[in-house]
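Subject: Structure handover

Hi,

Here is the structure for your project. Please open it next to this message. My notes follow below.

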Amino acid sequence: MKRKLLVILLALMATVCLAFGLSACTGSESHEAEQGGGTSHKHIINYVAAETATCTQDGHAEYWYCADCGKYFTDAKGDNETTIEQLEIPATGHTPADSVRENEEPATCTAEGSYDEVVYCEICDTEISRTSKTIDKLAHTSADPVRENEEPATCTVEGSYDEVIYCEVCHEEISRTSKTIDKLAHTPADSVRENEE
């Protein structure tokens with residue numbers, strides 16, 4: 001008798017467990033879908049809002065998900081099944097802004113200058129590229145010419161000097177040209193008598 005009662009009790013418990021197992025996926029936002037073997041499954045549908053893709057992160061369209069069976073749907077009723085791969089929106093990639101100059105060293109008339117040409121993403125400000133650039137040297141700025149190494153002319157010998165032009169910024173010699181000074185005219189003295197008899 002006791003054994004018969006125990007068998008009936010076990011059968012009753014198995015029936016209850018089976019009933020709970022078949023209806024484990026229930027809720028206010030549920031949808032019944034037929035599964036293999038004739039059993040039914042009620043989805044617990046959880047809404048997941050869309051996430052916009054960024055420059056570096058994938059996004060996804062909105063979807064509904066049943067955590068019990070692991071299925072994804074494009075509608076709240078669970079009629080249109082999909083996959084997470086179909087829901088994904090790929091990252092957009094960076095959008096280059098106009099290049100800017102950084103770490104600039106101005107050129108002078110004696111040395112080249114330099115700067116970094118940098119491109120940032122106009123959406124997220126991430127640095128996309130950095131290129132070193134060279135600035136050509138500036139031209140010298142000529143000052144007024146000056147005379148150097150001058151040798152004065154006489155009435156018997158020409159004179160000479162160097163005409164030199166310097167840069168008025170860095171004082172580097174730009175050019176040097178030899179110049180001649182014409183001989184001076186003789187200067188008559190008082191007349192004198194010579195060869196007098």
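Which polar contact joins the side chains of D162 and N149, and at what distance in Å? The contact spans 2.7 Å. Keep in mind that this is a predicted model, so every value here is computed from it.

**Whole chain**

The protein chain has 197 residues, and 16% of them count as buried. It holds 2 helices and 13 strands. The exposed area is about 14800 Å². Carbon and sulfur atoms supply 51% of that area. Take the contacts between residues at least 6 apart in sequence: 38% of these join residues at least 24 apart.

**Confidence**

Mean pLDDT for the protein chain is 84. A value of 70 or more is reached by 80% of the residues. Among the elements, strand β9 (residues 113-120) has the highest mean, 98. Strand β1 (residues 30-34) has the lowest, 42. Over residues 14-38 the pLDDT is below 50. That stretch still has 31 contacts in the model beyond near neighbours in sequence.

**D162 and its sheet**

D162 sits in strand β12, which covers residues 159-166. Is D162 buried or exposed? D162 is buried, because its relative accessible area is 14% and the cut-off for buried is under 20%.

The side chain of D162 has a polar contact with the side chain of N149 at 2.7 Å. Another polar contact, of 3.2 Å, links the side chains of D162 and R176. Setting aside residues up to four places away in sequence, D162 touches V146, R147, E148, N149, R176, T177 and S178. K179 is 17 residues from D162 in sequence. In space, their C-alpha atoms are 5.9 Å apart.

Now the sheet. It is open, with 3 strands in the order β11-β12-β13 and antiparallel pairing. Its edge strands are β11 (146-151) and β13 (173-181), each pairing on one side only. Neighbouring strands in this sheet are turned by 20° against each other on average, direction ignored. Strands β12 and β13 run antiparallel and are joined by 8 bridges. R176 appears again here: in β13, R176 is the bridge partner of V164.

**The β8-β9-β10 sheet**

There is also an open sheet of 3 strands in the order β8-β9-β10, paired antiparallel. Which strands form its edges? They are β8 (100-105) and β10 (127-135), and each pairs on one side only. The twist from one strand to the next averages 20°. Between β8 and β9 the pairing is antiparallel, over 4 bridges. In β9, E117 is the bridge partner of R101. Strand β9 is also the element with the highest mean pLDDT.

**H60**

H60 lies in strand β3 (residues 59-60). Buried or exposed? H60 counts as buried, because its relative accessibility is 13% and buried means under 20%. Leaving out neighbours within four places in sequence, H60 is in contact with V48, A49, A50, E51, L87, E88 and I89.

**D58**

D58 is in the loop between β2 (40-48) and β3. Why does D58 count as partly exposed? Its relative accessible area is 46%, and partly exposed runs between 20% and 50%.

What does the side chain of D58 reach at 2.8 Å? It reaches the backbone nitrogen of A91. D58 and A91 are 33 residues apart along the chain, yet their C-alpha atoms are separated by 4.3 Å. Residues up to four places away aside, D58 touches A53, I89, P90 and A91. I89 is listed among the contacts of H60 too.

**Where to look**

Start with D162 and its side-chain contacts to N149 and R176. Then go to D58 and the backbone nitrogen of A91. Keep residues 14-38 apart in your reading, with pLDDT below 50 there.

Best regards

Key. Residues numbered from 1 in each chain as written. Heavy atoms only, no water. Buried < 20%, exposed > 50% of the residue type's maximum accessible area, 1.4 Å probe, protein only. Polar contact = N/O pair within 3.5 Å; in protein donor to acceptor, adjacent residues only side chain to side chain. Contact = heavy atoms within 4.5 Å. Pairing = 2+ DSSP bridges. Axes fitted to C-alpha atoms, helices over the stretch in contact; angles between N-to-C directions. Areas by Shrake-Rupley, 256 points an atom, 1.4 Å probe, with all protein chains shown as cover. pLDDT = per-residue confidence, 0-100.
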